[in-house]
Each structure stands twice: as C-alpha cells, then as structure tokens.
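User: Please give me one close look at a single part of this model. Which residues hold it in place in its surroundings, and how does the backbone behave around it?

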Amino acid sequence: MKFITIIVLVPIVLMFIVGEAVAKVVARTSPTVSSYEVFHILDGKESFLPHWDFWENATRNVLQLRGNAYNFAQYNDIRENSLLNPENHFDVKEAGNTMGMNLALDVRPTEEWGGFLRGKVEEEFAKYEFAKSDEEFKNNIEQAYLTKEMELAGIASFISVGKQRIKWGNGMFWNPVDTFNPRQDMQNFEKITEGKVCYHANFILDNSFACTLVVVPDATSKAFSYDNFIFSDRGDTLIATRIEALFRDTELFFHFSKKEKEEPRYGVSFSSVIADVQFFGEAVYWRGESERLYPSLFSPRQTQYDPIGMSSFSVPASYRFENRKGTFYKLLLGFQYTFPDDTTMVIEYFYNGDGYEQAAMDLYTDFLRYAGNDYTADVNSVLAAKQKNPLLQLPMFPSASSLLALGNGIYDFANLRKNYLHLFLHKPYVADRFRIELDAIINLDEISRTDRMGIFLKPSITYTGIPNWNFRLQAHLYSGADDTEFGMSIYRGILFAEACYFF
Amino acid sequence: MFSKRMVFKKRVLFLVVTLLVFYPFSSPRGALAELPPDGNEIVKRVDRLMVGDSAEYDSVMLIKRPNLEDVEVRYKTYFKGRGKKVFVNLLYPPEQAGKNLLLVNNNIWQYVPNVGKAVRVAGSQRFMGGEFNNADLVKISFVDDYEATLVGIREVNGERCYFLKLKAKRPDVTYEEINYWVRVDNLLPLQEEYVTSSGKKLKTLIFSDVGPLGTLVRPRRLTMVSALRPEHQTMVFLSNAIYDKHIPNYLFSRAYLEAKKM
C-alpha cells in the first residue's frame, strides 16, 4: 500500500510543481498567453485593443517616424521710427504665410544603439506693403546624432555624438545655467532649437544621482544667428559638466563650464516642492569678460567746417563697444502653482548681472539714434555702409566685431537690462476644447516711470478639440517708450494664426 | 488489536478529515481568513497584491467627452519599489508620444520634447483632459500617503467588500479623503471614491473585468467617472502584464527621462 501511495502521490505532486513553473515561464514569454484582446463596447461600437504586435513594435522602436505639418499666417505691425529700424518712417503692415513640416526619425536597431534625425522644410511667402513680395524655400537639419547605451564600471551610461539639442536649467523663460542656449528667442517661444555638434555623455548612478558631460569641439560665434550660440572666437572648445542629485523632494544641480580662452563658469540650480508649490532657482557666476558689449562714448558729436569756413557739417558721435571685465552673476528665482481648475501660474524673477544699467542704456539708445541703420544690419550691409561713407572707415568707429554683435539687436531681445519679471498663466481644457495662455515680461528697470514702462505680452488661444490637431491664434505685443527695450522693437505687434497636424 | 490494514485506513481517514476541516481556513493567496486588525493592514495587503515588487503593463486609455471625438492614449507603465517609482512611456497619440512621465517618491516629472527637458508637473493636473490626473496615473500605492480606518463590511453589486475611509497624512497628498471598497474574498479593489474633507464627491474609480492579467488575476478595466460631470468618463484597459521583471533602477531617474529624449 505504501508503495502504491508513493508511485501515485509523488508524481502528482511533482507534476503540480513542475507544471506551475512551466506555466509561469510560458506566460511570460508567449504573447498568446500573456496578452489578450479586450472588447470595449462603447456607444454600441465594438472595438479591440491593439494586439501584442503594436506593443512589441512600439517599445522596440526599431524605426519610428514622427513629425508635424503646419501652416501659419503672420501679420506684422511694423513700428514707425523704431530706434532699431530708423529708416522706416511709416506705420507699415506686412503679411506672410509659411507652410512647413518637421520630421523626426528615430532608429533603434538594437537595445543599445540608436540614431536620431530631425529636420525641417518650409516654404515662406511674405508680402510687404511698400516692397515686392518674397518667396523662399528653406530646409534645415536641426539634429542628427547617434546614441549608445552601455554599462561602464557598473554605471548606466548614455553616449550620443552629433548635432543634438541640449537644454539645461529649471527656469521657464530664462536659464542662466544653460551654457548652450544663452538667449531666448522672443519671436517664437516654442521654437525647436537647432542642435550643436557635440559629444554628450550621461552617467546615471541610480535614480538619485547622475552626471552629464558635454564637449563642444567648435563653439563658434555666429553673430548673425539669433539662435543658440555662445559668442566666441572660431574654434574654441567648450566643456561643460553637470552633477545632479535628488534628496527627497528637492533636486540639486551643480554646473561647471569652461571655454578654451575664457574663465570657467560655475552654476547651481534647484527645484523643490513644498505644499503643492514648486520652487525653482538658478545662479551662475563667472569672472572675466561680460557676455554683452557695453557702449562708451569715444568722441562726442562735432561740427566741422571746411577749410574756407563757408560751410559746416556735422560729424556724428562715435561709440566704442567692448566687453567689460569683472565678476558677473545671473540669478533666477521662481515658483509654479497649479490651481484645482488646472490653471497653472508661473512667476519668475531674473537678475541679469550682465545687463545695461541706465547710463549704458542711454548711451546705447543714443548710438542707435545717431548711428542709424548702418549699425543694425548684417555684416554685408555694414561693410557696404562703410564703403559708402568714408567717415565710417575711421578707427574711431566701432570695430567690425562689435558691429557684428550689435547686428543682432534687431531680433535679439536677449535681456538688455538687469531686472525682469515673467508671469505665465496657462489654462488647458477650457470647455474640453481650448487652451488659453498668457505670457507677460516686464522690464523692472523701466517700471519706475510710467511713461517709460516696457512690457511684452503674448496671449494665445489654441483649439484642441480634434485629436492630433492644433489650431492656434497668438499675438506678440511690444509696448513702451521708444527708448525702452520693448518700445524700440521694430514690431509693435505680431499676430499669428497656425494650423498644425501631428503624425 | 487492529490489523495493519485498519491502522492504515484510520490514518488515511484522519488525514482526509484534517484536510477537510482545516481547508476552509487556509489562506489562498490574497484573501484574509479573518477580519484584519485595522484598515491600514488591508490597504497594505491590497498594495502588495496590486503593485508587487516590480511590474510592467500595457495600457490603453479612452477619454470620452460629450460631443467630441474620443481620445485614445496608449502607454507602457513600469513599476518598481512597490509603486514608489513609476515610469510611463507614452506611445500614442503622436502629439503626446514621447512626453513620458516619471514618479520618484512624491516627485513627478514630464519630458517635454518641444522644450527638450524634463519639467516638474503637478500631480493634481488632469492627464490629457481626462478624468485621471497625473497622480492617478503614477501613484498607485496608498500605504505611505493615507491613514485607513475600516468602517465595516458592505455589499456592493452582490460583492462583499471591506469599506474603508482613507485620510491624507500630509497636505501635499492629492486627495484629502478616499472612500475605498475592497473585495473580501480576494482583496482586490472594487471602487474608490475621492472626496474633499467637507464630504463633497469629486470622482469615482471603478475596478472591473477581473480576470487573468499576465500570470495573476486582477481588474483589467479602470473607469473614472467625474461626479461633477457624469458624462465625462475615462477608461483604462490593462493588458500584457509582466510581474517581478528586472527593471533597472536608472529607468526611474530624471536623467534617463532626458537621455532617452523620445
């Protein structure tokens, strides 16, 4: 009897144990066992969830093509007699239409290797009130890089090489610690910024500590580009590193960057949550040269007479633009709160240690007033103006490099002054269909006199009722006295209307 | 006195009777043999059941809004550390793909492809306009955030449930109070009702379609209904669950969110 018990019971028990184990393994490896399709019957319609294949392909990400196609119309109200555009004496209107497409290709043939390519094509049509219409086709590769994931000494490492976008900092509008994107394009906040050719390595120790190292072999100066380049001599190498740590609800970042012929920069940033309010801040410090060129009066305006003394002519004042030397820092502090109705409010204060004090701003506006359009155009116009006007050849006039830097003045509102306030309000899902936003930037240095207060406003409303479609109406409004930062803008206002489809 | 055969028969009989007597009191996985000492114990056991040490799910979310096309969202969710670390990989629709979410302890970040970095987001903010908010999506464990009191046993839709009241331990927790119904027989949740401290109902989450989800039996459909706007519903369908899978720690870091980029 014992013998029968053993030969019957023992195999049953063994089969049970082995069977359980096999079932578990099969369940985890076989899609037909671990996945299933679910009917969901809604409003009388039957539909299936995506089968296993979708999930396998989606997460393996072998080849993914994404992007968006857009069309936006733009209407510009050009300010008359703007200091940055003094040749325009009329209240001019311009219109334009741009059709374009952003394409992003993500290739991941294996778990470790990947490649990413992002480009844009655009057809732009512009109509000017007092000039001929213009049409232009543009295309650009914004990012193109290879990535490799690996383990180095037990540390998860992500290396990417190529033209890639890197964005540092916790602030919303300003990021003093962002070595790679020192200027914010106020014409287009959502602009997907072009990348830089660099080596980028992320070392992630665990979910609380990570280190990033970036080497930009050629941090060249592109003075006419209002994109994201640091002004420097051609060929400078930039090395930047960031260490991040998470302590409970607070993140801390420590930044260091060094360009070949410049002093190093040190930065720190943080973000934290206290009682549903997010606080964030950034600070950067460096010794050496300022980023901005400061004006100084080289020689005052003079009246000169011909040798006989029969006639006189006026020689404009000349200005010198130079970097200052000293110790500089920039500081950002802000907070963000989301109300129960999903409205998000962000308030940021930015101290720009590199900005103009009032005396420098007065000199700058004098320079613009008297120097005319010659000094606010691109290099070709500057050289042409110099050839046209022999007086400009004299050494007393600003050097070519400072002129090139100032050439950005038309488009680059890269914080001329020292103290700014940014207010952002965002309300999504209004009537389930709309998203409303308001950006306001106030130059606090120009707030003391009401007739001089400069403010930039950007209201927008977007219809989001149709999945994957956005229809947006947006305005940029520049207000202030003509010698204020926003008041000297060549635009009084810009109106955008955009339709965008995501695929 | 007794033959060997009789002794053997008695032993078998004794074994059978013992099994029959004690079997009803044995504890199949997840169920409780008797009333637990307090609500916190129930919540702890439910969390352990639902979350486990690590898991990976595929999910499809359907956001229903009156007079508008339904929004379908597909994403993969990775859990680790009993829900203290969650990574949500958004795959569809194209407009939202790549805007991945990360929870580590009480911090939630979202990667914004247009900006090129991860930003902190509020847990209370609605996810894509549906009835789930960011915290509902990533915070799945109640143990650390709520103090639970067992009120009693109620019957809901023919199912016997423990009825618990959960009160937030800290002001930064998403909901002030939750009314929580947990099935008695298998300790799976049936329903959660989110209320304010004044008793005003905000929304209800219903767990249904209990069945095989990977190797375990779990609710496979979650339905969130707004109390203020009952015609607004969001459903989440779970599938392809894998439990106790090795998920590396670095997946749950802000740095990874930015390193992955897409």
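Analyst: Helices (H or I, at least four residues) and strands (E, at least two) are DSSP runs, numbered from the N terminus. Residue numbers start from 1 along each chain as its sequence is written, while chain letters start from A and ligand numbers from 1, in written order. The model is predicted: local features need pLDDT of at least 70, side-chain atom pairs count only at pLDDT 80 or more, and totals for chains, interfaces and linings use all residues.

The part chosen is helix H2 of chain B, residues 39-51. H2(B) has 13 residues. From first C-alpha to last, H2(B) reaches 18 Å, close to the expected 18 Å (1.5 Å times one less than the number of residues).

Six positions in H2(B) are listed as buried: Gly39(B), Ile42(B), Val43(B), Val46(B), Met50(B) and Val51(B). They sit on the same side of H2(B), because they cover an arc of only 135 degrees around the axis (taken over directions from the axis to the C-beta atoms). Buried means 20 or more other C-beta atoms within 10 Å, exposed 12 or fewer, partly exposed in between, with C-beta atoms placed from the backbone.

That buried set packs against six strands of chain B: S1 (54-64), S2 (71-80), S7 (146-156), S8 (159-168), S9 (177-183) and S10 (189-195). Where H2(B) ends, Gly52(B) follows with a positive phi of about 75 degrees.

Ile42(B) also matters to the count of core contacts. The largest nonpolar core has 67 residues, and Ile42(B) is among those with the most contacts inside it, with Val88(B), Leu102(B), Val138(B), Leu164(B) and Val182(B). Strand S13 of chain B, residues 233-243, supplies the largest share of this core, six residues. Such a core is a set of buried Ala, Val, Leu, Ile, Met, Phe, Trp, Tyr and Cys residues joined through C-beta atoms within 7 Å.

Val182(B) links back to the helix. Leaving out residues up to four places away in sequence, Val182(B) touches Ile42(B) and Val46(B). Val182(B) also touches Cys161(B), Tyr162(B), Leu164(B), Leu187(B), Pro189(B) and Leu190(B). Contact here means C-beta atoms, placed from the backbone, within 7 Å.

One of those partners, Leu187(B), has a positive phi of about 60 degrees although it is not a glycine. Leu187(B) is found in the loop between S9 and S10 of chain B. Leu187(B) is partly exposed, with 19 other C-beta atoms within 10 Å. Chain A has a non-glycine case too: Asp432(A), with a positive phi of about 60 degrees. Asp432(A) lies between strands S18 (419-430) and S19 (434-443) of chain A, in their loop.

Elsewhere in chain B, the peptide bond from Tyr92(B) to Pro93(B) is cis, with omega near 10 degrees. Pro93(B) lies in the loop between S3 and strand S4 (101-104) of chain B.

Two of the packing partners of H2(B), S1 and S2, also face the other chain. The contact between the chains takes 50 residues from chain B and 50 residues from chain A. S1 and S2 are among the elements giving two or more residues to the side of chain B that touches chain A. S13(B) gives the most there, with five residues.

Finally, confidence. Chain B averages a pLDDT of 84 (the predictor's confidence in each residue, from 0 to 100), and 89% of the residues score at least 70. Residues 23-33 of chain B are below 50, and that stretch has nine contacts beyond near neighbours in sequence. The model scores ipTM 0.80 and pTM 0.80.
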